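Subject: Structure handover

Hello,

Here is the structure for you to look over. My notes on it follow below.

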Amino acid sequence: MKLITVGDNCMDVYQQIGKAFPGGNPVNVAVYLRRLGHDVNYIGVVGNDNYGNIMLNALKEKGIGVSHVHQIPGETARSMVEIVEGDRVFGDYFEGVMKDFSLSEDDLSFIAQHDLLHTAYWGETDPYLKQIKEGGTQICYDFADKPEDPKVKALIPFVDYALFSFQQDDTATRSFMKRTQALGPKQVIVTLGKQGSLVFDGKEFTACGVEQVDVVDTMGAGDSFIAGYLAGIAEGKPILECMKMGTKNAAVTLGYSGAW
């Protein structure tokens, strides 16, 4: 399968250690897919500042296709991050040029050449999902921890693989997954933190636990799971194997600082 990720990126700035790391859901997923041996393209926008150059160069070094990344005058998006007891805590966010992100007809034609697209809640891709879906490209969308957001019902008919973050595997979570899957997606995938993950495909639920690792930084762990799961889809694996691939990939990312 030809894979592409589209949407937001930002520099994660760790003031405690005086370092900044490239990140953002679609960017992270692209890098992790490449880590798993899959060719992948990324579409987004960066500024013409130093952070924009760092982002572009980092993606190129990782082997990500960036032919449709727009570099425009302005500042690249950035998030201020602290690590508190191994968990990331986000501070101020500066949107920068992301506020001007849009897809051109050339971008949409390029996307149509791919089998599977991944995007996310903050990716600014919502207006284009219907056209992308009608063009034959499958869509994976990470709704994060926003199950009650109005955009879920608005966008879910165009999504093949719908991702959410929940706190626990309980009756309410499973009921939500059933209702949401009935609106169109092939699969509803839920990450549950330390409880692992859960998938509903319209017929049955599949659960998968986590791997026990020493956590250095949780940044990018969820995106790593997504990439592992999508790699499994691209390789034609059954659901449980996709979940295991996601879990294993997330465990790797938990062991170092920064998303990648």
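The side chains of Asn-28 and Asp-223 make a polar contact of 2.8 Å. This and everything else below comes from a predicted model. Asn-28 sits in helix α1 and is buried, because its relative accessibility is 2% and the cut-off for buried is under 20%.

Asn-28 and Asp-223 also belong to the place where two helices meet. Asn-25, Asn-28, Val-29, Tyr-32, Leu-33 and Arg-35 of α1 are in contact with Asp-223, Ser-224, Ile-226, Ala-227, Leu-230 and Ala-231 of α7. The axes of α1 and α7 are 8 Å apart, and the angle between these helices is about 50 degrees. The two helices are therefore oblique to each other, and their crossing is right-handed. As a general point, an α-helix has 3.6 residues a turn, so residues three or four places apart point the same way.

How much of α1 is buried? Nine of its eleven residues are, so α1 is largely enclosed by the rest of the structure. The buried ones are Asn-25, Pro-26, Val-27, Asn-28, Val-29, Ala-30, Val-31, Tyr-32 and Leu-33. After α1 comes Gly-37, which has a positive phi near 95 degrees.

Now the nonpolar cores. The largest one has 37 residues. Leu-33, Leu-59, Ile-64, Ile-189, Tyr-229, Leu-230 and Ile-233 have the most contacts inside it. At least two residues of this core come from each of α1 (25–35), β4 (40–43), α2 (50–61), β11 (161–165), α7 (221–234) and α8 (239–253). The largest share is that of α7, with eight residues. A second core is separate from this one and has 34 residues, among them Val-6, Cys-10, Phe-101 and Phe-200. In soluble globular proteins in general, nonpolar side chains tend to be buried together.

Leu-230 is worth finding in the viewer. Residues up to four places away in sequence aside, Leu-230 touches Val-29, Leu-33, Leu-116, His-118 and Cys-140.

A second polar contact between side chains involves Gln-138 and Lys-186, at 2.5 Å. Gln-138 is in strand β10, which covers residues 138–142. With a relative accessible area of 17%, Gln-138 is buried, because the cut-off is under 20%. Besides Lys-186, the residues in contact with Gln-138 are Met-1, Asp-115, Leu-116, Leu-117, Asp-160 and Tyr-161, again without neighbours within four places in sequence.

Val-66 is in the loop between α2 and β6 (70–72). Is Val-66 buried or exposed? At 15% relative accessibility, Val-66 counts as buried. Outside its neighbours within four places in sequence, Val-66 is in contact with Tyr-42, Leu-56, Leu-59 and Lys-60. Val-40 is 26 residues from Val-66 in sequence, and their C-alpha atoms are 9.3 Å apart.

Phe-90 belongs to strand β8, residues 87–94. Its relative accessibility is 45%, so Phe-90 counts as partly exposed. Phe-90 and Pro-238 are 148 residues apart along the chain, and 35 Å separates their C-alpha atoms.

Which backbone angles should you check? Glu-124 is not a glycine, yet its phi is positive, near 60 degrees. Glu-124 lies in the loop between β9 (116–120) and α4 (129–134). With a relative accessible area of 37%, Glu-124 is partly exposed. Ala-144 also has a positive phi without being a glycine, at about 55 degrees. Ala-144 is located in the loop between β10 and α5 (150–155). Ala-144 is buried, with a relative accessible area of 12%.

Regards

How values were computed:
Residues numbered from 1 in each chain as written. Predicted model: local features only at pLDDT ≥ 70, side-chain atom pairs only at ≥ 80, totals over all residues. Heavy atoms only, no water. Core = buried A, V, L, I, M, F, W, Y, C linked by side-chain atoms within 4.5 Å. Buried < 20%, exposed > 50% of the residue type's maximum accessible area, 1.4 Å probe, protein only. Helix = DSSP H or I, 4+ residues; strand = E, 2+ residues; numbered from the N terminus. Contact = heavy atoms within 4.5 Å. Polar contact = N/O pair within 3.5 Å; in protein donor to acceptor, adjacent residues only side chain to side chain. Axes fitted to C-alpha atoms, helices over the stretch in contact; angles between N-to-C directions. Parallel < 35°, antiparallel > 145°, perpendicular 65-115°, else oblique. Left-handed = near helix turned anticlockwise from the far one by under 90°.
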